[in-house]
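Below is a short note on the structure, set out as numbered points. The aromatic pairs come first, then the salt bridges, the core, the surface and the overall fold.

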Amino acid sequence: MPVPQASPCHPLSALDAIAAGILLTCGLVFLPGAGQTALWDLSGIVVIPVWVTCVGILTLRGYARPLFRVKLAALTVAGLAPFGPWWLRFGGNLFLVINGTLANFAAVWLAFELVELVMGEAERLHNPGLHRAGRNGLILLIYFLLIPITALHVAFACSLIGGGNTILEDLRESWQLAPSPMRWLPLLPVANVARLLWLLRGALWAHASLEPEKEEV
């Protein structure tokens, strides 16, 4: 049995780090009470899996499509990540609200870039199943992540500009007004990005294991 050789797209461990970082971030962001203790708020530790994801992305090389955009998105998210928990803690600060909002949309951008990466590799590997899964992942991101987040922020901005009793803290409380299943909708497409990365890892491993057989033939 031939031993799998290094894939042209490497290191495969980077895909593990990216996927694990995404899932850990999902847990800290979406699970009820995550990061909360009886003594103090630990929500700031969400930056650790975000930075793990960023490091994994920065170590990627050898992919079919240029990695500049996905690495730029990862650096943007890593830089803005601390503003997420700061904004949740001090929602009345305009500077934190703006940067927390930018962090949200940077994370959405990164999710799209990662799915595009998976689809690009699926084309190179001639893997229609993986490409189909990536296309479905884009649909999930559009309808369950991009549209809800955009609608929430646009509605808040219109309400804030239109006057009335709207204040900055209302943006932080908006998700609390929605039913719990609605607040967890973004979890599905984001967790699916991690799934797609692991599917890509398996496809790359299988591709690498076939290379020695082709050379022997």
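1. Rings of Phe, Tyr and Trp (for Trp, the six-membered ring) are taken as a pair if their centres lie within 6.5 Å; planes over 60 degrees apart make the pair edge-to-face. By this rule the chain has 2 aromatic pairs. The model is a predicted one.

2. One of these pairs is Phe83 with Trp86, edge-to-face, with 5.3 Å from centre to centre and 85° between the planes. Both residues sit in helix α4, and because they are 3 residues apart, about one helical turn separates them. Phe83 is buried, at a relative accessible area of 13%, whereas Trp86 is partly exposed at 40%.

3. Phe83 also pairs with Phe95: the ring centres are 5.6 Å apart and the planes lie at 75°, so this pair is edge-to-face. Since Phe83 belongs to helix α4 and Phe95 to helix α5, the pair ties together parts that are 12 residues apart in sequence. Phe95 counts as exposed, with 52% relative accessibility. Through these ring pairs Phe83, Trp86 and Phe95 are linked into a cluster.

4. On the charged side chains: a salt bridge here requires a side-chain nitrogen of Lys or Arg within 4 Å of a carboxyl oxygen of Asp or Glu. The count by this rule is 5 salt bridges. One of them joins Arg65 to Glu123, with the closest N and O atoms 3.7 Å apart. Arg65 lies in the loop between α2 (47-58) and α3 (68-80) and Glu123 in helix α5 (residues 94-124), so the bridge ties together parts that are 58 residues apart in sequence. Arg65 is partly exposed, at 33% relative accessibility, and Glu123 is partly exposed as well, at 44%.

5. A salt bridge also forms between Glu113 and Arg69, with an N to O distance of 3.5 Å. This pair links distant parts of the chain, as Glu113 is in helix α5 and Arg69 in helix α3, 44 residues apart. Is Glu113 buried or exposed? At 10% relative accessibility, Glu113 counts as buried.

6. Glu121 and Arg124 form a further salt bridge, 2.9 Å from N to O. Both residues are in helix α5, 3 residues apart, which is about one turn of the helix. Glu121 is buried, with a relative accessibility of 1%, while Arg124 is partly exposed at 28%. Elsewhere, salt bridges with shared partners join Arg65, Glu116 and Glu123 into one network.

7. Turning to the interior, the largest nonpolar core has 58 residues, of which Ile22, Leu114, Leu197 and Leu200 touch the most other members. At least two core residues come from each of α1 (12-30), α2, α3, α4 (83-89), α5, α6 (128-161) and α9 (187-216). Which helix gives the largest share of this core? That helix is α5, with 14 residues. In soluble globular proteins, nonpolar side chains tend to be buried together.

8. Leu114 deserves a separate look. Neighbours within four places in sequence aside, Leu114 is in contact with Ile18, Ile22, Ile57, Val70, Val193 and Leu197. Among these partners, Ile22 and Leu197 are themselves listed with Leu114 as core residues that touch the most other members.

9. At the surface, Ile139, Ile142, Tyr143, Leu146 and Ile147 make a nonpolar patch of about 430 Å². Ile147, one of its members, lies in helix α6. The relative accessible area of Ile147 is 41%, which makes this residue partly exposed. For the chain as a whole, the exposed area is about 11,700 Å², and carbon and sulfur atoms supply 70% of it.

10. As to the overall fold, the chain has 9 helices and 0 strands. Read from the N terminus, the order of elements is α-α-α-α-α-α-α-α-α. The chain has 217 residues, and 41% of them count as buried. Of the contacts between residues at least 6 apart in sequence, 75% join residues at least 24 apart.

Key
Residues are numbered from 1 along each chain as its sequence is written. This is a predicted model: local features need pLDDT of at least 70, side-chain atom pairs count only at pLDDT 80 or more; totals for chains, interfaces and linings use all residues. Side-chain values use heavy atoms; hydrogens and water are left out. Helices (H or I, at least four residues) and strands (E, at least two) are DSSP runs, numbered from the N terminus. Buried means under 20% relative accessible area, exposed over 50%, partly exposed in between (1.4 Å probe, protein chains only). A nonpolar core is a set of buried Ala, Val, Leu, Ile, Met, Phe, Trp, Tyr and Cys residues joined through side-chain atoms within 4.5 Å. Contact means heavy atoms within 4.5 Å. Rings of Phe, Tyr and Trp (its six-membered ring) pair if their centres lie within 6.5 Å; planes under 30 degrees apart count as stacked, over 60 as edge-to-face and the rest as tilted. Patches are made of residues with over 30% relative accessible area and no salt bridge: like charges are joined within 9 Å, nonpolar side chains (Val, Leu, Ile, Met, Phe, Trp, Tyr) within 5 Å. Accessible areas come from the Shrake-Rupley method with a 1.4 Å probe; for residues, only the protein chains shown count as cover.
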